[in-house]
Amino acid sequence: SARKTGDVIKNLVGSSVSASFISANLEISEGIIDKFINRTFTEEYPVIYIDATYISLMRDNVSKEAVYAVLGLTKDGRREVLSYFLPGGDEKSSVWKEIFINLKDRGLSGVKMIISDDLPGLTEVIEEIFPEAKHQLCWFHLKKNIKNKVRKTHFDQILRELEYIFESETESDAKDRLLAFI
């Protein structure tokens with residue numbers, strides 16, 4: 001639906017778009033989609049964000065399937081949707097491996113950090129395909145994991161303290177704040 005598509009766009013790029021905008025612009029030719037999905041990359045993306053979200057898709061029947069999305073951050077700080085994939089089924093690290101190989105074959109380079117959830121096996125895939133890149137848990141998933149580990153009465157205070165660490169302007173400040181937090 002247009003609303004769900006808008007939600008996916010908001011998750012990927014951080015900006016909302018209206019359902020009416022989506023509806024008016026969904027008429028995109030397969031040629032344009034193929035060109036986007038198969039384009040080559042000419043600039044480096046030091047940071048990439050990856051995630052899968054589930055949407056209901058109609059194939060033989062309606063079922064929820066993982067849509068894999070890759071967002072790149074350029075050296076000058078621009079965010080770009082690099083690609084998306086609909087291989088069918090649930091999110092798996094083995095599918096991420098195929099996606100990473102596809103992206104590298106199309107010229108993806110300069111990756112220093114990959115930010116994602118903590119899908120089992122993903123860190124090993126990242127180490128294999130992008131050995132120079134660090135793997136970091138995204139802020140949303142970090143908060144979710146913390147929330148599941150601490151008492152509800154402590155969560156808001158812990159979250160404020162973590163945000164204070166994340167707001168550090170230098171690595172040194174962040175390390176000092178982290179040590180004070182621990």
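Four bridges join strand S4 (113–116) to strand S5 (134–137), and the two strands run parallel. Strands count as paired here if DSSP finds at least two bridges between them; the strands themselves (E, at least two residues) and the helices (H or I, at least four) are DSSP runs, numbered from the N terminus. This is a predicted model, in which local features need pLDDT of at least 70 and side-chain atom pairs count only at pLDDT 80 or more, while totals for chains, interfaces and linings use all residues. Residues are numbered from 1 along each chain as its sequence is written, and side-chain values use heavy atoms, with hydrogens and water left out.

Back to the strands. Along the S4 and S5 pairing, Ile-115 sits opposite Gln-136 in S5. Together with helix H5, these strands make a right-handed β-α-β unit; right-handed means that, with the strands pointing away from the viewer, the path from the first strand over the helix to the second runs clockwise. S4 also pairs with S1, again in the parallel sense, over three bridges. There, Val-47 has Met-113 in S4 as its bridge partner.

What about the helix in that unit? In H5, Leu-122, Val-125, Ile-126 and Ile-129 are buried, that is, under 20% relative accessible area (exposed is over 50%, partly exposed in between, with a 1.4 Å probe and protein chains only). These residues cover an arc of only 100 degrees around the axis, which puts them on the same side of H5; the arc is that of the directions from the helix axis to the C-beta atoms. It helps to know that an α-helix has 3.6 residues a turn, so residues three or four places apart point the same way. The cover over the buried residues of H5 includes S1, H4, S4 and S5.

Next comes the nonpolar core, meaning a set of buried Ala, Val, Leu, Ile, Met, Phe, Trp, Tyr and Cys residues joined through side-chain atoms within 4.5 Å. The largest one has 25 residues, and Ile-48, Val-70, Trp-96, Phe-100 and Leu-108 touch the most other members. Two or more residues each come from S1 (47–58), S2 (62–73), S3 (79–85), H4 (93–105) and H5 (122–129). H4 gives the largest share, five residues. As for Leu-108, leaving aside residues up to four places away in sequence, this residue touches Phe-41, Tyr-45, Ile-48, Leu-82, Leu-103 and Phe-130, where contact means heavy atoms within 4.5 Å. There is also a second, separate core of six residues, including Ile-146, Phe-155, Ile-158 and Leu-159.

S2 and S3 form a hairpin with five residues between the strands, and there Gly-77 takes a positive phi near 90 degrees. The two strands pair in the antiparallel sense over six bridges, with Gly-72 opposite Glu-80 in S3.

Glu-80 turns up again among the charged pairs. A salt bridge is a side-chain nitrogen of Lys or Arg within 4 Å of a carboxyl oxygen of Asp or Glu, and the count comes to six. Glu-80 pairs with Arg-78, the closest N and O atoms being 2.6 Å apart. Arg-78 also bridges to Asp-76, at 3.3 Å. Asp-76 is exposed, at 56% relative accessible area, whereas Arg-78 is partly exposed, at 37%. Glu-43 joins Asp-76, Arg-78 and Glu-80 in a network of salt bridges. Elsewhere, Lys-97 and Glu-128 meet at 3.0 Å, N to O. Lys-97 lies in H4 and Glu-128 in H5, so this salt bridge ties together parts that are 31 residues apart in sequence.
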